[in-house]
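Trainee: I would like to learn how to read a structure like this one. Where should I begin?

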Amino acid sequence: MRIKRAMAIVALGLLGLCGGMAWAANVDAAASAECTKCHDEEDLPAWQRSAHAQASDPRTPTCVTCHGASTGHAHKPAGVKEQPRPDRTFKKNSTTPIAERNAACLTCHQKDAKRAMWGGSQHQSADLACSSCHRIHTNNDQVMARATQVDVCVTCHKEQRAQLAKPSHHPLPEGKMTCTDCHNVHGSAGPKLVKRDSTNATCYACHAEKRGPFVNGHEPVQEDCAICHNPHGSTVEAMLKTRAPMLCQQCHTPHVAGGVGAVGGQPGVFQRAPGQLAPAVTGTSSGKNVVNLWQGRSCLNCHTQVHGSNNPSATNPTPRLFFR
Ligand code: HEC
Ligand code: HEC
Ligand code: HEC
Ligand code: HEC
Ligand code: HEC
Ligand code: HEC
Ligand code: HEC
Ligand code: HEC
Ligand code: HEC
Ligand code: HEC
């Protein structure tokens, strides 16, 4: 580019035709000619292969569609010392207001249903530019490729990066899923930019069996999967936010069971402890004892169908209690 520019000063017209135009064969040559006199493949090596440089597509933009006419930049006015910048720039140090940069993209891309909710979305409100995520002058836009998307997102979303590294997680680090399997980052009618209109609808897309309908549904499951699960990852198995019994006891009073010091294996479980009328576990106890409440799968030792039960029996065992 530096060499071209020096030569351009000497033989501007000729060079524009021979160098720039040949390179710009894929872009709308006439409209871009002003620019490609100076800007060539050294500047923008992968431009030709990018989605925006396909002149055969009548919707394809020219340099000035995005950057503005930039007349002063292309033709430095006499007496001006420094070459004025283009009308619209997009790099980190850009002084073009973000709304104006995004408007240049949205003239073509707002029609699309996927971006209809961009205005007012969390990313728009946080003043992100389209180019905070997208790279334009390349055919390798990392945020678009499933293999590299997560890396782009977690440069800003460090908390989610940490959660994905926990033992129980959706298989994003394994490359089998990406953030946009669950999120529409361009805006959503649902909470937290989820892809569907609600968190549950988003989960049902892959976990259809949790939708039911169940003969006996469990209210929090029908309300919001994220009450119990952290979809990005957790140290507790099944991506649970916390373990049973604490998980369940956020809402339910524990069964009255056991007695003083009655923690599994401790005095009080199988043998009476001082101050205790009877040990927690006896030949005739209900099974709702400290051992069953605290050991193994805790509440899930008995209430195994926590997402809902289809037990057809009216009484045995009590169907609404999620035993089977
Ligand atoms: C006379 C040569 C010349 C012409 C013609 C020209 N430019 Fe430039 N352009 C430059 C130079 C020099 C730079 C600064 C490069 C640098 O700093 O690395 C530049 C930088 C740019 C930048 C980067 C600015 C930034 O800060 O992000 C953009 C975008 C740009 N030009 C677009 C255009 C467009 C669009 C046209 C056509 C309307 C055009 N240029 C025509 C010489 C030219
Ligand atoms: C679809 C919109 C769009 C079109 C069309 C477009 N640009 Fe850009 N341009 C951008 C964005 C966005 C950036 C910021 C860097 C990036 O995201 O790749 C940029 C960056 C640049 C830069 C700075 C590159 C750098 O890394 O320093 C130059 C120079 C440039 N454009 C020139 C041009 C020229 C010349 C054309 C026509 C051949 C053109 N642009 C067409 C959107 C566009
Ligand atoms: C003049 C219309 C126009 C403008 C302005 C425009 N685009 Fe595009 N864009 C297109 C066309 C045409 C395509 C390729 C065909 C398609 O829609 O699949 C495309 C494709 C894309 C793609 C998909 C790329 C891929 O690899 O599949 C992204 C991302 C994109 N544009 C972002 C942007 C951003 C960001 C801007 C603003 C900097 C912008 N566009 C400005 C017309 C435009
Ligand atoms: C937070 C990052 C992020 C921001 C900000 C962002 N995008 Fe995207 N964009 C993506 C991702 C990821 C994809 C691919 C997955 C998808 O389609 O949801 C994508 C896909 C696209 C596509 C091509 C596929 C499609 O959806 O049709 C276009 C066009 C596009 N974005 C335009 C824009 C425009 C215009 C803006 C600014 C108004 C913008 N994007 C802002 C991340 C982003
Ligand atoms: C340049 C930094 C940046 C990048 C890159 C980025 N985001 Fe964001 N994101 C933000 C900011 C800032 C917010 C709004 C403040 C917040 O809630 O963290 C946000 C908000 C969100 C929200 C909504 C949070 C809420 O509380 O409602 C989700 C979901 C999200 N981003 C997902 C993504 C995904 C997925 C990607 C990658 C495709 C991505 N982001 C890329 C900066 C970024
Ligand atoms: C399996 C679906 C799924 C995947 C994959 C996913 N998310 Fe989420 N994300 C959600 C749901 C659901 C919520 C809302 C959780 C809630 O309401 O507590 C959320 C919330 C968020 C939030 C807001 C967090 C908060 O505490 O408010 C951010 C930021 C976010 N996700 C970013 C990402 C990023 C970045 C990726 C990819 C690395 C990603 N998500 C992958 C489903 C997902
Ligand atoms: C795009 C498909 C997809 C979506 C959407 C999705 N999941 Fe998953 N989910 C998976 C896959 C794949 C696995 C891993 C299955 C495996 O490893 O066998 C999984 C596993 C799980 C697991 C079990 C993890 C374990 O360790 O046993 C839970 C819990 C889960 N998902 C909850 C959710 C919730 C809650 C949502 C909605 C926020 C959701 N999923 C959305 C695909 C999805
Ligand atoms: C009341 C808390 C709670 C809610 C709400 C909840 N889950 Fe679960 N989920 C659990 C528990 C506890 C486990 C572990 C079950 C086990 O180990 O048998 C689990 C396990 C899972 C699993 C992995 C094992 C399996 O059964 O497939 C998936 C997938 C899952 N949940 C999806 C969902 C989805 C989707 C939603 C929302 C529709 C949801 N969960 C709502 C508590 C909950
Ligand atoms: C966010 C609060 C919440 C959490 C967490 C929760 N539940 Fe529930 N649960 C409810 C509500 C609300 C009902 C319906 C109450 C009713 O019908 O009396 C219910 C109903 C039940 C019932 C049937 C009770 C009856 O009388 O019909 C059982 C059994 C149950 N939950 C077990 C569990 C277990 C086991 C866990 C932990 C894995 C759990 N719950 C976690 C809120 C919760
Ligand atoms: C040993 C099996 C067993 C374990 C373990 C167990 N339950 Fe139960 N649960 C039952 C039985 C049996 C009933 C039927 C009503 C009764 O006998 O009190 C019941 C009833 C319930 C009910 C509905 C009636 C009521 O008492 O409100 C809820 C809610 C409940 N259990 C929650 C839990 C929670 C939360 C845990 C974990 C702290 C748990 N259960 C652990 C067997 C068990």
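Mentor: We will go from confidence to fold, then to the cores and the ligand shells.

Mentor: Start with the fact that this is a predicted model. The chain has an average pLDDT of 85, and 87% of the residues score at least 70.

Trainee: Over which residues does pLDDT stay under 50?

Mentor: Over residues 1-27, for which the model has 41 contacts beyond four places in sequence. Where pLDDT is low, the predicted coordinates should not be read in detail.

Trainee: How many helices and strands are there in the chain?

Mentor: The chain holds 13 helices and 2 strands.

Trainee: What share of the residues counts as buried?

Mentor: A residue is called buried if 20 or more other C-beta atoms lie within 10 Å of its own. Here 19% of the 324 residues count as buried. You can also ask how far apart in sequence the contacting residues are. Among contacts between residues at least 6 apart in sequence, 46% join residues at least 24 apart.

Trainee: Which residues make up the largest nonpolar core?

Mentor: A core is built from buried residues of certain nonpolar kinds, joined through C-beta atoms within 7 Å. The largest one has 6 residues: Val269, Ala280, Val290, Val291, Leu293 and Trp294. Separate from that core is a second one of 5 residues, including Leu172, Cys179, Cys182 and Val194.

Trainee: Now the ligands. Which residues are closest to ligand 6?

Mentor: Cys153, Cys179, Cys182, Ala226 and Pro231 are the closest of the 20 residues that surround ligand 6. Cys179 and Cys182 also belong to the second core. Next, see which elements supply the shell. Both α8 (146-156) and α10 (199-204) give at least two residues to the shell around ligand 6, and the largest share, 3 residues, comes from α8. By class, this shell has 11 nonpolar, 7 polar and 2 charged residues.

Trainee: How many residues surround ligand 7?

Mentor: Ligand 7 has 18 residues around it, and the closest are Asp181, Cys203, Cys206, Cys225 and Pro231. Pro231 is also listed among the closest to ligand 6. The shell around ligand 7 divides into 10 nonpolar, 6 polar and 2 charged residues.

Trainee: And which residues are closest to ligand 8?

Mentor: Of the 16 residues surrounding ligand 8, the closest are Cys203, Lys210, Cys225, Cys228 and Ala238. Two or more residues of that shell come from each of α10 and α11 (219-223). By class, the shell around ligand 8 has 10 nonpolar, 5 polar and 1 charged residues. Cys203 and Cys225 are also among the closest to ligand 7.

Conventions
Residues numbered from 1 in each chain as written. Chains lettered and ligands numbered in written order. Predicted model: local features only at pLDDT ≥ 70, side-chain atom pairs only at ≥ 80, totals over all residues. Near = placed C-beta within 6 Å. Helix = DSSP H or I, 4+ residues; strand = E, 2+ residues; numbered from the N terminus. Nonpolar A, V, L, I, M, F, W, Y, C, P; charged D, E, K, R; others polar. Buried ≥ 20, exposed ≤ 12 C-beta atoms within 10 Å, placed from the backbone. Contact = placed C-beta atoms within 7 Å. pLDDT = per-residue confidence, 0-100.
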